[in-house]
Amino acid sequence: KSLKKMRRMAPKWTSAGLVGAGLFAFLVLTRRPAILSSSSRLQSDIADVSIPKTVVAGIPRIPRAASDLVSQSTRKYDRIMRLSGGSTVGQQDPNQVASAFVNYYYRTFDTNRGTLASLYTQDSVLTFEGEFFRGAQAIQEKLVSLQFQTVVHKIHTMDAQMASPTGQNQGIIVFVCGDLFVDGGKNPIKFSQVFQLFPHPQGNWYVQNDIFRLNYG
């Protein structure tokens with residue numbers, strides 16, 4: 001009896017199933033524009049999400065082009081090195097100024113050293129391994145002519161002092177020691193470099209004196 005009863009009810013179930021399927025299809029078709037609109041809004045929202053610049057654990061940062069690194073370093077240099085309104089050079093922390101300058105200088109040297117001329121003036125002087133150069137153009141020509149294709153500086157120590165006790169035109173002396181690696185070499189070459197920085201009237205700092213030496217032995 002149960003089997004006969006189930007057979008009699010089967011057509012009803014089949015009809016109900018077809019009706020339900022038709023109703024579902026009707027709802028999908030009528031709601032399809034809204035679903036697509038929601039999907040488009042979701043994709044738009046995802047596209048607007050900006051990935052933080054900080055390194056996420058386990059996910060390496062994507063390498064940037066050399067020009068991007070120089071641009072980023074230039075903005076940081078301008079931001080940190082420029083005097084704030086109403087401040088004087090004597091109120092600047094020499095270590096903060098020196099750290100910002102050293103970071104900018106060597107990062108730019110390693111990526112596009114030809115642009116370092118902007119840090120010098122026509123009265124700036126460079127002594128490079130005993131050779132003397134005066135003026136931004138002569139210094140730039142020397143740096144660009146160095147006989148290597150690529151170079152990486154690794155700084156070990158940096159010391160900074162105010163060059164004079166008081167005065168608006170106080171300079172900062174910076175002494176740097178580190179290693180450099182040329183053309184992908186694995187063996188470090190030790191070097192020392194001394195900068196004397198002075199403030200521009202506009203607020204940024206420029207290099208008045210620059211002395212570079214490789215350390216042998």
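Which residue in E4 does valine 151 stand opposite? It is valine 182, and the first legend below picks up from there. Keep in mind that this is a predicted model.

**View 1. Strands E3 and E4 run antiparallel, side by side.** Strand E3 covers residues 151-162 and strand E4 covers residues 172-182, with 11 bridges joining the two. Valine 151 facing valine 182 is one spot to zoom in on along this ladder. To place the view in the chain, there are 4 helices and 6 strands, and reading along the sequence gives α-α-α-β-β-α-β-β-β-β.

**View 2. E4 also pairs with E5, again in the antiparallel sense.** Here the pairing runs over 9 bridges. Look for isoleucine 173, which has glutamine 196 of E5 standing opposite. E4 and E5 make a hairpin, with 6 residues between them. One residue to pick out in that turn is aspartate 183: its phi is positive, about 50 degrees, even though it isn't a glycine. Aspartate 183 sits in the loop between E4 and E5, and its relative accessibility of 44% makes it partly exposed.

**View 3. Phenylalanine 128 and phenylalanine 212 form a stacked aromatic pair.** Why call them stacked? The ring centres are 4.5 Å apart and the planes sit at 10 degrees, and planes under 30 degrees apart count as stacked. Phenylalanine 128 belongs to strand E1 (residues 120-128) and phenylalanine 212 to strand E6 (residues 205-214), so this pair ties together parts that are 84 residues apart in sequence. Are these two rings buried or exposed? Phenylalanine 128 is buried at 12% relative accessibility, and phenylalanine 212 is buried too, at 6%.

**View 4. Phenylalanine 212 has a second stacked partner, phenylalanine 191.** This time the centres are 5.8 Å apart and the planes are at 20 degrees, so the pair again counts as stacked. Phenylalanine 191 comes from strand E5 (residues 189-199) and phenylalanine 212 from E6, so the two link parts that are 21 residues apart in sequence. Both phenylalanine 191 and phenylalanine 212 are buried. Pull back a little and you get one aromatic cluster made of Phe101, Tyr105, Tyr106, Phe109, Phe128, Phe191, Phe195 and Phe212. The count of aromatic pairs comes to 10.

**View 5. Helix H3 takes in residues 94-112.** How far apart are the end C-alpha atoms of H3? They are 26 Å apart, which agrees with the 27 Å that 19 residues should span at 1.5 Å a residue. At the start of the helix, a side-chain oxygen of aspartate 93 comes to within 3.0 Å of the backbone nitrogen of asparagine 95. The buried residues of H3 include Pro94, Ala98, Ala100, Val102, Tyr104 and Thr108. Phe101, Tyr105, Tyr106 and Phe109 are also among the buried residues of H3, and these four belong to the aromatic cluster as well. Valine 97, another H3 residue, is buried with a relative accessible area of 1%. Its C-alpha lies 9.6 Å from that of valine 174, although the two are 77 residues apart in sequence.

**View 6. Histidine 200 and threonine 121 are in contact.** Histidine 200 lies in the loop between E5 and E6 and is partly exposed, with a relative accessible area of 25%. Setting aside neighbours within four places in sequence, histidine 200 touches Thr121, Trp205 and Tyr206. Threonine 121 is in strand E1 and counts as buried at 18% relative accessibility. With the same neighbours left out, the contacts of threonine 121 are Gly135, Ala136, His200 and Tyr206. Tyr206 therefore turns up in both contact lists.

**View 7. Glutamate 129 has a positive phi without being a glycine.** The angle is about 55 degrees. Glutamate 129 is in the loop between E1 and strand E2 (131-134), and at 25% relative accessibility it counts as partly exposed.

**View 8. The whole chain, for context.** Of the 217 residues in the chain, 31% are buried. The chain exposes about 14400 Å², and carbon and sulfur atoms supply 59% of that. Among contacts between residues at least 6 apart in sequence, 51% join residues at least 24 apart.

Notes:
Residues are numbered from 1 along each chain as its sequence is written. This is a predicted model: local features need pLDDT of at least 70, side-chain atom pairs count only at pLDDT 80 or more; totals for chains, interfaces and linings use all residues. Side-chain values use heavy atoms; hydrogens and water are left out. Rings of Phe, Tyr and Trp (its six-membered ring) pair if their centres lie within 6.5 Å; planes under 30 degrees apart count as stacked, over 60 as edge-to-face and the rest as tilted. Buried means under 20% relative accessible area, exposed over 50%, partly exposed in between (1.4 Å probe, protein chains only). Contact means heavy atoms within 4.5 Å. Accessible areas come from the Shrake-Rupley method with a 1.4 Å probe; for residues, only the protein chains shown count as cover. Two strands pair if DSSP finds at least two bridges between them. The expected span of a helix is 1.5 Å times one less than its number of residues. A polar contact is a pair of N or O atoms within 3.5 Å; within protein, one must be able to donate a hydrogen and the other to accept it, and residues adjacent in sequence count only if both atoms are side-chain atoms.
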